[in-house]
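The following paragraphs guide the reader through the model shown below, beginning with its surface and ending with its interior.

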Amino acid sequence: MSELRLNAVRKRFGNLEVLKAIDLTVANGEFVSLLGPSGCGKTTTLRCIAGFEFPADGQILFDGVDLTQTAPEKRDIGMVFQSYALFPHLTVQENLSFGLEMRNIPEPERKRRIADVLGMVQLVGFEERFPRELSGGQQQRVALARALVIEPSVLLLDEPLANLDAALRDDMRFFIRDLQQRVGITAIYVTHDQSEAIVMSDRIVVMFDGEIAQVGSPKEIHDRPISKRVAEFVGKSNFLKGKVESRRTDGAVMLAAEIGPIHATAPATTSAGDTVECLLRPESMRTGALDGLENQFPARVEDIIFLGNSVSVHLTIGGGHRILALLPADFLAVPGDEVHIGFSAANVWCLP
Amino acid sequence: MRRDPGKLILNVFVIAVYIFLMAPIVLIVILSLNSGEFLLFPIEGVSLRWFGALWNSRQFMDAIGTSFQVAAISTFVSGIFGTLAAIYCIRFAHRMRGALRLFMMAPLLIPEILTAIALLFFMYQIGIGTRYSIGLQIGHIIVTFPYVFLNVSSALFNFDKSLEEASRSLGASPLMTFRRVTLPLIKPGVITGCLFAFIISFDIFNISLLLKGIGTTTLPVQLFDYLRWDFDPTAAAVSSLSIIMTLIAILIFDRFVGLRSLRF
């Protein structure tokens, strides 16, 4: 268990600068996700932490100890790979034993620890199986167990759920999160799937083009993104343009927006007179009982897509502006219907 | 039950191919059991007399010993260097990979007789000539090397590098990773390569003919010499023995390293 710190870590491949001075601190026991599109540098960052790549510049500190140029086998990490990377010529037992043997742990303790960790990942009885005899989800759990059985100070996960089917992926999110919490290990998780990052993480690091765009809790990243790009990457978005009419000290602002006057929330940098773009998440819109919602508009239903547990509705409001709303599945309307929608000021976020 | 005509044709075809491949081998074994004086079919009777003749022939027994020794050394040397060369070529050569690969395979592309003549000239130029069997041994290594190189290369080509990274992340040094992860996983390629190397070395003629040391000869060359003057079933007995030796080589490999591990 330890704290991890990256100080101005830079990395280039040829002429391409893949990491541009990454600064990041991960607290002891924290679950941090590196989220971004492919090629943003998230995997390279993880590989620098693991020791498979060495930064051109900057430091990587484990509990204050500089391990920037240290070989991976001397870093005390556990890593889960996208391909699982289970040794195909070894049984589950031997796969788990590998790291313990490298640490010269005597046989009885090896056995005890393997049994413990197999219990944790619910694979007791699979000791003698070969990886090819296991399902994808089971292989995934063996990979997790193999990384955890050595009791590393940091657990690194490189898109571990990318190769699983959708239903299993959902289960495994909670499984991994739960396991990480029980063990209390510092974890760094690389993913391009925003919903994965939101469900699992204590904090999310959004990366674009080799730079950190924003660091924050899942709720901050989702509700208070720092830029349009982050907003779009993290979820479905409506953007409303407008001019700030007035501003209160608590950040509440009055906006003259294209769709009409709306109440919104703005960061400290926004002041009256600014032209801003606001984020309105489709899922923060309501119909029916609108009591207490600062913003209410008549709208016309354009089309409805049934998603199972909800409906995705295209609406026109305020004289021809199309916006997307995610509403409960019991929303009963047909295209052409006039409805009333509302959303609170807290859910309209002026992008800085 | 209705029979599928396509399946029937396939079966007939497969049987035909097997007969085509196996008939000469079976015929040779039958001929070697001939009790008559000549290498003719049908055989006159069944006996082991020509195997007895072979056993009592010093030339043949020496040739078998030489062939075995040369093949064993060639397999060993090609096995080690072919494997190392393949690892370097696939893993570390980067931009030079294509050129290096072609270079390593050159002995397969150049006619064997040219390799033999060139090596013969070379051996005389450095003053060793064919006084010893060293030229013969070098020639065999040159020819068998590409087989190991190719087989190990293809095993490495399909190798998931994250397995090695996983090993490192679990605390294994690069050397330990090679020993515990890489080598066991490319083992099928190494075994197949060595098997090829052994069989090819046991079988090649041109290089052996030109480079054999004075007073030594390999089995194929001895057979050729023999058949020029004598046409009795000793030749068939030798061939049978050669087939059996190859089978034994495969069985030994199977016993110690397991052809079963070729199945993944």
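Accessible areas are obtained by the Shrake-Rupley method with a 1.4 Å probe, and for residues only the protein chains shown count as cover. On this basis chain A has an accessible surface of about 15,100 Å², and carbon and sulfur atoms hold 50% of that surface. This is a predicted model, in which local features need pLDDT of at least 70, side-chain atom pairs count only at pLDDT 80 or more, and totals for chains, interfaces and linings use all residues. Residues are numbered from 1 along each chain as its sequence is written, chains are lettered from A and ligands numbered from 1 in the order in which they are written, and side-chain values use heavy atoms, without hydrogens and water.

Along the principal axes, the C-alpha atoms of chain A fill a box of roughly 75 × 45 × 35 Å. Chain A contains eight helices and 20 strands, taken as DSSP runs numbered from the N terminus (helices H or I, at least four residues; strands E, at least two). Of its 352 residues, 52% are buried, that is, under 20% relative accessible area with a 1.4 Å probe, counting protein chains only.

A nonpolar core is a set of buried Ala, Val, Leu, Ile, Met, Phe, Trp, Tyr and Cys residues joined through side-chain atoms within 4.5 Å. The largest has 95 residues, and Leu144(A), Leu155(A), Leu156(A) and Ile188(A) have the most contacts inside it, a contact being heavy atoms within 4.5 Å. Helix α8 (residues 174–203) of chain B supplies the largest share of this core, eight residues. Another core, of 30 residues, lies apart from it and includes Met285(A) and Phe297(A).

Notes. Buried means under 20% relative accessible area, exposed over 50%, partly exposed in between (1.4 Å probe, protein chains only).
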